[in-house]
Amino acid sequence: MSILEGINSPADLRGLSRDELRTLAQDMRTRLIDVCSRTGGHIGAGLGVVELTIALHTVFETPKDQLVWDVGHQAYPHKLLTGRNSDMESLRQEGGLSGFLKRTESEYDTFGAGHAATAISAALGMAAGRDVLGEQFKVAAIIGDGSMGSGLAYEGLNNAGHSDRDIIVVLNDNEMSIAPNVGAMHKYLTSIQRNPLYNRLRSRIGDIVDNAPAPFAGVSTLVRKWEESVKSLLTPGVLFEELGFRYFGPIDGHDLDALLETFTAVRAMNTPRLVHVITKKGKGFPAGDHGEKWHALPPGHDPATGKQLAVSTANAAYTTVYGKGLAELGEERKDLAVITAAMPTGTGTAPFAKAFPDRFFDVGIAEGHGVTFAAGLATRGVRPIVTIYSTFLQRGYDNIIHDAALQKLPVVFAMDRAGLVGEDGETHMGLYDIAYMLTVPGMTVTAPKNGTEMLGLLRAAVEHTDGPFSLRYPRDASPDIPGAMSQIAATPYATWEVLRHGRDIAILAVGTMVNAALDAADLLAADGMDVTVVNCRYIKPYDEVTLNAILASHTHVLTVEEGTVVNGFGAFISTVIHRQAPTVRTAVHGVPDRIIYSAPRKKQLSSLGLDPAGIADRVRALHESEALAG
Ligand SMILES: Cc1ncc(C[n+]2csc(CCOP(=O)(O)OP(=O)(O)O)c2C)c(N)n1
Ligand SMILES: CC(=O)[C@@H](O)[C@H](O)COP(=O)(O)O
Ligand SMILES: [Mg+2]
């Protein structure tokens with residue numbers, strides 16, 4: 001039996017020798033590499049924090065002490081040590097372990113996560129809660145260097161440092177976000193790593209002060225003052241110190257002895273403190289420790305190469321089509337700029353970045369800032385295209401309204417991963433953007449039926465000068481193979497497209513649901529129902545002429561969208577229909593108002609009835625309800 005197999009909870013760690021802990025680290029890496037080769041997932045971040053996780057769970061009295069992991073993508077080692085080793089094959093599978101953190105999954109998951117930079121705020125809330133109730137335990141937030149570039153992290157640090165509470169922040173610095181990290185904070189942290197002089201000096205001073213014999217104890221205040229001034233001269237960690245944290249580090253995050261000793265000392269203190277740990281993302285991955293490539297891997301990959309074993313026959317992903325079209329558009333128009341928030345590869349914007357580095361801005365994990373920055377660019381006549389996943393753009397919502405829309409600035413929002421995202425689960429669902437964009441005054445809201453139309457809408461977006469314009473597309477392959485951007489015309493503004501002319505019943509479909517609705521119409525034709533299908537690519541403003549024609553010639557309308565039904569396209573357009581044609585019966589089909597968990601995207605679509613069979617069923621139900629009522 002391996003040491004890992006003998007660990008049922010962190011309590012089992014606390015009786016192990018240092019050598020046994022080191023062997024455990026090897027066991028954990030072997031297990032993670034093996035299991036993730038089948039399940040896929042965020043392997044790189046976890047491999048980098050194996051020793052850190054062992055040290056934290058050994059020193060801290062978990063689960064009473066609260067460890068708050070940021071994002072949660074690095075928490076696979078934490079899952080291995082907290083009673084979930086035998087369930088790891090179910091990682092990211094339907095009904096299985098989450099790829100992130102969930103309070104319902106384990107008492108050791110103290111705070112749900114998935115989005116970056118929440119840990120410090122949550123940990124401070126827990127520390128304050130503890131103090132309000134007069135309880136005794138320790139709270140430690142573990143946050144990466146990429147997430148530390150986020151504004152939310154500073155709000156938490158600012159509040160925590162001022163509070164003087166017993167709280168620990170562990171900064172896991174691997175010099176990587178998903179891509180290599182960016183920004184001034186990154187430079188600052190790197191400079192700390194490269195300045196060991198201060199750290200040696202400071203620990204010497206600390207030793208002298210702490211061990212001063214009784215008659216000299218009075219000098220300690222003086223020495224501490226001197227320590228402060230030396231520190232401010234020498235320590236790059238002074239930023240954290242000035243924010244009210246005692247800074248410890250940098251510490252080699254793969255040196256178990258150093259970690260255990262530091263955390264033991266730090267745990268015993270009771271004011272805000274920050275431990276800066278240096279780790280290597282992807283450490284021990286057989287194909288080499290390439291941080292970015294191994295950030296996340298698909299299920300069924302070969303650990304020797306990191307490559308997916310099954311060869312995909314699908315068309316190019318929307319992301320790839322978008323990225324290629326964007327770079328081509330950048331060639332045509334020198335006034336375009338692209339903004340992304342730490343995800344140049346994920347958003348497909350890397351080709352644009354390579355071709356036009358001066359017009360590409362990776363702002364780090366700072367979506368709100370990215371939106372306002374883009375609005376600033378727009379005031380100067382630059383046409384900004386903010387390319388961010390639907391779920392992460394939620395972070396920039398106030399900025400969309402306050403900084404772009406109210407000033408009628410022509411900022412383009414390209415929202416990737418709109419709709420159901422599959423295995424990342426509930427934290428990453430892009431289900432809310434239609435609803436949130438519809439409420440923004442002056443916002444053009446669109447969704448294409450395929451890759452070619454996405455590029456047509458992108459062209460329309462950059463040609464639109466009257467306010468912001470949004471475009472959503474899914475985590476999926478494009479149904480078609482688009483040609484060059486130069487051959488693709490702008491999709492005419494505020495127009496719909498009637499793709500199939502039927503009688504009585506019309507399906508008003510949005511984005512990914514257009515092709516599904518056409519297939520549903522084929523199924524219904526077999527039942528003798530002749531259904532109209534409309535591609536409602538402009539959600540707002542909608543095509544009044546086409547809508548009026550549909551209302552004049554149909555008795556039933558079903559709306560279909562891959563987004564929440566609450567305040568989405570269906571809710572919006574059925575209000576118009578009720579006003580204009582009260583006798584037309586309408587039904588709204590989309591994602592119900594509940595949390596949607598991890599499963600393959602295809603399965604999510606079918607289980608929600610957002611596939612041809614499900615849409616056909618909804619049409620039949622709408623028709624039958626009329627028959628019953630009649
Ligand atoms: C608000 C938000 N934006 C973007 C992401 C996507 N994302 C997940 S992990 C990650 C990088 C995080 O870097 P870091 O905190 O340094 O952790 P590491 O992966 O290096 O361990 C990003 C950008 C996210 N989860 N949340
Ligand atoms: C942890 C995180 O938030 C990202 O890594 C996210 O999982 C990426 O999603 P995609 O795999 O859809 O790019
Ligand atoms: Mg990092």
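Where is Glu-175 found, in terms of S3 and H7? Glu-175 is found in the loop between S3 and H7. The views below come from a predicted model.

**View 1. Glu-175 has a positive phi.** Phi of Glu-175 is near 60°. That is a positive value in a residue other than glycine. Glu-175 has 17 other C-beta atoms within 10 Å, so it is partly exposed. A residue needs 20 or more such atoms to be buried. Glu-175 is also one of the contacts of Asp-145.

**View 2. Asp-145 and Asn-174 cluster in space.** An unreviewed UniProt entry lists Asp-145 and Asn-174 under "binding site". They are spread over 30 residues of sequence, yet the largest C-alpha distance is 6.8 Å. Asp-145 lies in the loop between strand S2 (139–144) and helix H6 (151–163). Asn-174 sits in the loop between strand S3 (168–173) and helix H7 (184–193).

Are these two residues buried or exposed? Asp-145 is buried, because 24 other C-beta atoms lie within 10 Å. Asn-174 is buried too, with 24 other C-beta atoms within 10 Å. Leaving aside neighbours within four places in sequence, Asp-145 is in contact with several residues, including Leu-171, Asp-173, Asn-174 and His-186. On the same basis, Asn-174 touches Gly-48, Gly-144, Asp-145, Thr-279, Lys-280, Lys-281 and Gly-291.

**View 3. A second UniProt "binding site" list is spread in space.** The unreviewed entry names His-73, Gly-114, His-115, Ala-116, Gly-146, Ser-147, Asn-174, Phe-285 and Glu-367. These residues are spread over 295 residues of sequence, and they reach up to 30.7 Å between C-alpha atoms. Two of them are shown here in detail.

His-115 has its place in the loop between helix H4 (76–84) and helix H5 (119–133). His-115 counts as buried because it has 21 C-beta neighbours inside 10 Å. Beyond its neighbours within four places in sequence, His-115 is in contact with Phe-392 and Thr-427.

Glu-367 lies in helix H14 (residues 367–379). Glu-367 is buried, with 28 other C-beta atoms within 10 Å. Its contacts, not counting residues up to four places away in sequence, are Ala-341, Ile-388, Phe-392, Leu-393, Arg-395 and Gly-396. Phe-392 is thus a contact of Glu-367 and of His-115.

**View 4. Ligand 1 lies between two domains.** Which residues come nearest to ligand 1? Of the 21 residues around it, they are Ala-45, Ala-116, Gly-144, Gly-146 and Ser-147. The shell divides into 10 nonpolar, eight polar and three charged residues. Why is ligand 1 said to lie between domains? Domain 1 (4–179 + 189–195 + 240–278) and domain 3 (318–487) both give residues to the shell, so ligand 1 lies between them.

**View 5. Ligand 2 has a shell drawn from domain 1 and domain 3.** Its surroundings are His-42, Val-71, His-73, Ile-178, Ala-296, Gly-346, Arg-417, Val-421, Asp-424, His-428 and Arg-475. By class, there are four nonpolar, four polar and three charged residues. At least three residues come from each of domain 1 (4–179 + 189–195 + 240–278) and domain 3 (318–487).

Arg-417, one of the residues around ligand 2, lies in the loop between strand S11 (412–416) and helix H17 (433–438). Arg-417 has a positive phi of about 55°, although it is not a glycine. With 28 C-beta neighbours inside 10 Å, Arg-417 counts as buried.

**View 6. Residues 316–480 carry a UniProt domain annotation.** The unreviewed entry labels this span "domain: Transketolase-like pyrimidine-binding". The end C-alpha atoms of the span lie 9 Å apart. The span is 40% helix and 16% strand.

Phe-356 sits in the loop between helix H13 (350–355) and strand S9 (360–362). Phe-356 has 17 C-beta neighbours inside 10 Å, so it counts as partly exposed. Phe-356 and Ala-327 are 29 residues apart in sequence. In space, they are 8.3 Å apart, C-alpha to C-alpha.

**View 7. Cis peptide bonds precede Pro-250 and Pro-541****.** The bond from Gly-249 to Pro-250 is cis, with omega near -5°. Pro-250 has its place in strand S4 (residues 246–252). Another cis bond joins Lys-540 and Pro-541, with omega about -5°. Pro-541 is found in the loop between strand S17 (538–540) and helix H20 (544–553).

Notes. Residues are numbered from 1 along each chain as its sequence is written. Chains are lettered from A and ligands numbered from 1 in the order in which they are written. This is a predicted model: local features need pLDDT of at least 70, side-chain atom pairs count only at pLDDT 80 or more; totals for chains, interfaces and linings use all residues. UniProt positions are given in the numbering used here, feature names are shortened, and annotations may be inferred rather than shown by experiment. Helices (H or I, at least four residues) and strands (E, at least two) are DSSP runs, numbered from the N terminus. A residue is buried if 20 or more other C-beta atoms lie within 10 Å of its own, exposed if 12 or fewer, and partly exposed in between; C-beta atoms are placed from the backbone. Two residues are in contact if their C-beta atoms, placed from the backbone, lie within 7 Å. A residue is near a molecule or strand if its C-beta atom, placed from the backbone, lies within 6 Å of it. Ala, Val, Leu, Ile, Met, Phe, Trp, Tyr, Cys and Pro count as nonpolar, Asp, Glu, Lys and Arg as charged, and the others, Gly among them, as polar. Domain bounds come from an automatic or database domain assignment.
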